[in-house]
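Open the model in a viewer and keep the sequence panel beside it. The stops below are given in the order in which to select them.

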Amino acid sequence: FIEFCQAVVDEWSGKLRTVEAVLSVWQKVQRNWCRLEPIFMLSDDIRSQLPEDSKRFEALDAQWKELMLEAAQSDLAVDICCAEGREDTLQSLNQSIETCEKSLNDYL
């Protein structure tokens, strides 16, 4: 039944799987960034007690904001999510956030 458009169906199936995977990580990063940003960026106590993690968070904060600005340039969710390296970037941000969070929990 769909043999005549199988290639298009397969292409969109792959794109939609990518969108689902990217949005899952994206939500996790955003949720954790929103929670940790005031702690690592505004708390002098945390910044002095966890200087390496504060620097790590500053770097990921800049990368996160850059990613969000880039994403805001398009109205097409599929294009945003399927951009080359997008999932890898988000996975890297997530790992950095988890490292910062673990250090914060150990400190507290």
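A disulfide is a pair of cysteine sulfur atoms within 2.5 Å. The model is a predicted one, in which local features need pLDDT of at least 70 and side-chain atom pairs count only at pLDDT 80 or more, while totals for chains, interfaces and linings use all residues. Residues are numbered from 1 along each chain as its sequence is written, and side-chain values use heavy atoms, with hydrogens and water left out.

**Cysteines**

Select the sulfur of C34. The closest cysteine sulfur belongs to C100 and is 15 Å away, too far for a bond. By the same cut-off, the count of disulfides is 0. C5 is in no disulfide either, and the cysteine sulfur nearest to that of C5, in C82, lies at 19 Å.

Colour next by relative accessible area: under 20% is buried, over 50% is exposed, and the range in between is partly exposed (1.4 Å probe, protein chains only). C5, at 21%, is partly exposed. C34 has a value of 43% and is therefore partly exposed.

From C34, measure to A62: the two C-alpha atoms are 13 Å apart, with these positions 28 residues apart along the chain. A62 is in helix α3, which covers residues 51-71; helices are DSSP runs (H or I, at least four residues), numbered from the N terminus. A62 is partly exposed, because its relative accessible area is 44%.

**Helix α1, from W12 to L36**

Show W12, which is in helix α1. Its relative accessible area is 39%, so W12 is partly exposed. Add V8 and L16 to the selection: with W12 they make a nonpolar surface patch of about 290 Å². Such patches are made of residues with over 30% relative accessible area and no salt bridge; nonpolar side chains (Val, Leu, Ile, Met, Phe, Trp, Tyr) are joined within 5 Å, and like charges within 9 Å. The areas come from the Shrake-Rupley method with a 1.4 Å probe, and for residues only the protein chains shown count as cover.

Now go to N32, in helix α1 (residues 6-42). N32 counts as buried because its relative accessibility is 10%. Its side chain makes a polar contact with the side chain of R35 at 2.7 Å. A polar contact is a pair of N or O atoms within 3.5 Å; within protein, one must be able to donate a hydrogen and the other to accept it, and residues adjacent in sequence count only if both atoms are side-chain atoms. Not counting residues up to four places away in sequence, N32 touches N94 and I97, where contact means heavy atoms within 4.5 Å.

Which residues does L36 contact, leaving aside its neighbours within four places in sequence? They are F57, I97, E101 and L104. L36 is also found in helix α1, and its relative accessible area is 0%, so L36 is buried. A measurement from L36 to E58 gives 11 Å between C-alpha atoms, for residues 22 apart along the chain.

**Salt bridges**

How many salt bridges does the structure hold? There are 7, each a side-chain nitrogen of Lys or Arg within 4 Å of a carboxyl oxygen of Asp or Glu. Three of these bridges follow, including one between two helices.

Select E11 and K15, whose side chains meet at 3.3 Å, N to O. About one helical turn separates these residues, because they are 4 residues apart in helix α1. E11 is partly exposed at 43%, and K15 is partly exposed at 27%.

Move to D61 and K65, where the N to O distance is 3.2 Å. Both lie in helix α3, 4 residues apart, about one turn of the helix. D61 is buried, with a relative accessible area of 5%, whereas K65 is partly exposed at 40%.

Finish with E70 and R86, whose closest N and O atoms are 3.2 Å apart in a salt bridge. This pair links distant parts of the chain, E70 in helix α3 and R86 in helix α5, 16 residues apart. E70 is partly exposed, with a relative accessible area of 44%.

Is R86 buried or exposed? At 7% relative accessibility, R86 counts as buried. R86 lies in helix α5, residues 86-107. Show its surroundings: beyond four places in sequence, R86 is in contact with V22, W26, L67, E70, I80 and C81.
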